[in-house]
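Open the model in your viewer and keep the sequence panel beside it. The tour goes from the whole chain to single side chains.

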Amino acid sequence: MGALDYLSNFCTVTSTSTRSRRKPMQTVEIKVKMDCDGCERRVKNSVKHIKGVKTVEVIRKQSRVIVSGYVDPNHVLKRVKSTGKRAEFWPYIPYNLVSYPYVTQAYDKRAPAGYVKNVAQAVAAPNTTDERMTYLFSDDNPNACSIM
């Protein structure tokens, strides 16, 4: 929202409620259990006809649907649920982005390989000091481990 957009709202003759704003480009990831080709095709067809969808990618092995385009995430989730499948937003994040991946809330047996659940306990607090492993065994550190 620039200054010109703000000022143009005062100067326009038409009502601003009739003007529609374009949704931002985004990627929506949804977890859907799909057993066969029919399930995969039904989910893909239900999503690809939504206005604003650019690409639809279905990964059956991970039970994952990735939709990119100018769409509303809640509308995409609602459309996938209309197929009769139980669906939810993708709850996992890559393993290497988490500071503490072995927290009990983060570990999930059903998670795909390389992913853990996105929970607050797994991410380090922003105000904590980050100790590097190389510093713990460094000669510059007086409290370092002295195995030698």
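Two strands count as paired if DSSP finds at least two bridges between them. Keep that rule in mind for the sheet. The model is a predicted one.

**Whole chain**

Start with a cartoon view of everything. The chain contains 4 helices and 6 strands. Trace it from the N terminus and the elements come in the pattern α-β-α-β-β-α-β-β-β-α. Switch to a surface. The exposed area is about 11300 Å², and 53% of it comes from carbon and sulfur atoms. Of the 148 residues, 28% count as buried. What share of the contacts with a separation of 6 or more joins residues 24 or more positions apart? That share is 53%.

**The sheet**

Return to the cartoon and select strands 1 to 4. They make an open sheet with the order 2-3-1-4 and antiparallel pairing. Which strands lie at the edges? Colour strand 2 (53–59) and strand 4 (87–89): each of them pairs on one side only. Look along the sheet to see the twist, which averages 25° from one strand to the next.

Now zoom in on strand 1, residues 26–32. Strand 1 pairs with strand 4 in the antiparallel sense, over 3 bridges. Pick Val 32, then look across to strand 4. The residue opposite Val 32 is Ala 87.

**The helix on the sheet**

Add helix 2, residues 37–48. Helix 2 packs on the sheet and touches strand 1, strand 2 and strand 3 (64–69). Its direction makes about 165° with that of strand 2.

**The aromatic cluster**

Show side chains as sticks and select Trp 90, Tyr 92 and Tyr 115. These residues form one aromatic cluster. The structure holds 2 aromatic pairs. For the pair of Trp 90 and Tyr 92, the ring centres are 5.2 Å apart and the planes stand at 80°, so the pair is edge-to-face. Are these two residues buried or exposed? Trp 90 is buried, at 11% relative accessibility. Tyr 92 is buried too, with a relative accessible area of 5%.

Turn to Trp 90 and Tyr 115. Their pair is also edge-to-face, with 6.0 Å centre to centre and 90° between the planes. Where do the two rings sit along the chain? Trp 90 is in the loop between strand 4 and strand 5 (92–94), while Tyr 115 belongs to strand 6 (residues 115–117). The pair therefore ties together parts that are 25 residues apart in sequence.

Keep Trp 90 in the centre and add Arg 64. Arg 64 lies over the face of Trp 90, at 4.5 Å from the ring centre.

**The last stop: Ser 63**

Step back one residue and select Ser 63. Ser 63 lies in the loop between strand 2 and strand 3. Check its backbone: phi is near 55°, a positive value in a residue other than glycine. Ser 63 counts as buried because its relative accessibility is 11%, under the 20% cut-off.

What does Ser 63 touch, leaving out residues up to four places away in sequence? Select Ile 30, Lys 31, Val 32, Lys 33, Met 34 and Trp 90. Two of these have appeared before: Val 32 faces Ala 87 in strand 4, and Trp 90 belongs to the aromatic cluster.

Key
Residues numbered from 1 in each chain as written. Predicted model: local features only at pLDDT ≥ 70, side-chain atom pairs only at ≥ 80, totals over all residues. Heavy atoms only, no water. Helix = DSSP H or I, 4+ residues; strand = E, 2+ residues; numbered from the N terminus. Buried < 20%, exposed > 50% of the residue type's maximum accessible area, 1.4 Å probe, protein only. Contact = heavy atoms within 4.5 Å. Areas by Shrake-Rupley, 256 points an atom, 1.4 Å probe, with all protein chains shown as cover. Axes fitted to C-alpha atoms, helices over the stretch in contact; angles between N-to-C directions. Phe/Tyr/Trp six-rings, centres within 6.5 Å; stacked < 30°, edge-to-face > 60°. Lys NZ or Arg CZ within 6 Å of the ring centre and 35° of its normal.
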